[in-house]
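Visitor: I have not seen this structure before. Please take me through it one question at a time.

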Amino acid sequence: MSLPPGLYIVATPIGNLSDLSPHAAKILSEADLIAVEDSRVTAKLLAHIGVKRPMTPYHDHNADRVRPGLIGQMAEKAVALVSDAGTPLISDPGYKLVRDARAAGVSIHTVAGPCAAIAALTLAGLPTDRFLFLGFLPAKAGARATAIAEIASVRATLILYESGSRLAATLAALGEGLGDRDAAVAREISKKFEETVTGTVAELADRYADAPPKGEIVIVVGPPGEAEAASDTDIDTALREAMTRLSASRAAAEVAETLGLPRRTVYERALALK
Ligand code: SAM
């Protein structure tokens with residue numbers, strides 16, 4: 001039976017091909033067209049489930065050019081979107097395709113599945129109740145330090161993607177910007193050489209300084225401890241910024257939520273600052 005026309009976002013394995021769900025396999029088998037990052041990678045996945053489907057490239061270098069045509073086809077065809085591994089749109093192309101397909105009234109479906117960020121979070125042994133996904137930090141030291149400073153007071157577990165060659169430098173920058181928090185490095189998840197190493201950010205930076213690891217990597221960093229709770233200066237800085245956009249009470253609510261502080265205490269500071 002053929003699929004109704006529309007856009008189907010399909011998550012694919014991040015290592016072990018057996019993680020492809022039966023639902024994902026069915027959608028890929030029945031799609032009229034599969035938009036792919038790299039046809040060689042997706043061809044291997046399709047061979048694993050014994051199907052051949054037409055593929056068209058959709059990646060960072062051609063996305064703006066091919067997006068309107070691809071969306072045009074979704075009126076009559078079932079178009080699947082995959083990335084090389086994991087969930088499309090998560091540090092991968094696809095967000096603008098979904099945005100524009102939605103604006104064009106296309107019927108949109110997602111086939112949920114593997115995502116390295118979530119898989120690493122389940123391995124790390126760090127709090128999972130609040131987490132912030134940062135993707136890849138900027139490669140240049142200055143921009144990286146700024147990005148880290150922006151989220152230093154957020155009371156949540158942080159999840160980052162990184163390459164082996166930059167791992168030690170990024171861990172060192174995280175230690176500098178965040179303090180020495182508990183962390184984990186999850187590598188090659190669901191593959192032959194999978195390992196998860198835990199320690200403080202500084203310990204992990206030391207460990208990898210002279211031995212850049214091979215393979216694909218996710219860094220998970222725990223939230224600040226009580227001792228590193230936001231200082232009065234942090235609270236005032238956040239409040240001053242929020243009050244340029246919001247009323248004192250809404251600013252206090254936002255800052256209290258972000259910094260994990262009682263709303264009343266923050267509101268009193270907001271009134272004092274006004
Ligand atoms: N969309 C993908 C997802 O849902 O995870 C992520 C794509 S991003 C371009 C690729 C990065 O994800 C890698 O550089 C690495 O940081 C992380 N990653 C992907 N597969 C992984 C694995 N098996 N183990 C650890 N990290 C992985």
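Visitor: How many nonpolar, polar and charged residues does the lining of the largest pocket have?
Guide: This is a predicted model. The largest pocket is lined by 22 residues. Sorted by class, that lining has nine nonpolar, six polar and seven charged residues.

Visitor: Which residues lie nearest the centre of the largest pocket?
Guide: The space in this pocket comes to about 430 Å³. Strand 7 and strand 10 each give at least two residues to the lining. Nearest the centre are Ala 85, Ala 116, Phe 136, Tyr 161 and Glu 216.

Visitor: Which element gives the largest share of the largest nonpolar core?
Guide: The largest nonpolar core has 24 residues, and Leu 171, Leu 174, Tyr 208, Ile 219 and Val 221 are those with the most contacts inside it. Two or more residues come from each of helix 6 (141-150), strand 7 (157-163), helix 7 (167-178), strand 8 (182-187), helix 8 (201-209) and strand 10 (216-221). The largest share of this core is six residues, and the element that gives it is helix 7.

Visitor: Leaving aside neighbours within four places in sequence, which residues is Leu 174 in contact with?
Guide: Leu 174 is one of the residues with the most contacts inside the largest nonpolar core. With neighbours within four places in sequence left aside, its contacts are Leu 137, Ile 148, Leu 160, Gly 179, Val 201, Ile 219 and Val 221.

Visitor: How many residues are in the other core?
Guide: This other core lies apart from the largest one. Among its residues are Leu 3, Leu 20, Ile 34 and Ala 78, and the core has 18 residues.

Visitor: Why are Leu 97, Val 98 and Ala 101 on the same side of helix 4?
Guide: In helix 4 (residues 95-103), these three residues are buried. An α-helix has 3.6 residues a turn, so residues three or four places apart point the same way. The three buried residues are on the same side of helix 4 because they cover an arc around the axis of only 95 degrees.

Visitor: Which elements do the buried residues of helix 4 pack against?
Guide: Leu 97, Val 98 and Ala 101 are the residues in question. They pack against strand 1 (6-10), helix 3 (63-73), strand 4 (78-81) and strand 5 (108-111).

Visitor: What phi does Gly 105 take?
Guide: Gly 105 comes just after helix 4. Its phi is positive, at about 80 degrees.

Visitor: Of the residues of the protein, what percentage count as buried?
Guide: The secondary structure comes to 11 helices and 10 strands. To count as buried, a residue needs under 20% relative accessible area. Of the 274 residues, the share that meets this is 43%.

Technical notes. Residues are numbered from 1 along each chain as its sequence is written. This is a predicted model: local features need pLDDT of at least 70, side-chain atom pairs count only at pLDDT 80 or more; totals for chains, interfaces and linings use all residues. Side-chain values use heavy atoms; hydrogens and water are left out. A nonpolar core is a set of buried Ala, Val, Leu, Ile, Met, Phe, Trp, Tyr and Cys residues joined through side-chain atoms within 4.5 Å. Buried means under 20% relative accessible area, exposed over 50%, partly exposed in between (1.4 Å probe, protein chains only). Helices (H or I, at least four residues) and strands (E, at least two) are DSSP runs, numbered from the N terminus. Contact means heavy atoms within 4.5 Å. The arc is that of the directions from the helix axis to the C-beta atoms. On a 1 Å grid over the protein atoms alone, a cavity is a set of points where a 1.4 Å probe fits but cannot get out, and a pocket is an open set with protein on both sides within 12 Å along at least five of seven lines; lining residues have an atom within 4 Å of a point. Grid points are joined across faces, edges and corners, and a volume is the space filled by probe spheres set on the points. Ala, Val, Leu, Ile, Met, Phe, Trp, Tyr, Cys and Pro count as nonpolar, Asp, Glu, Lys and Arg as charged, and the others, Gly among them, as polar.
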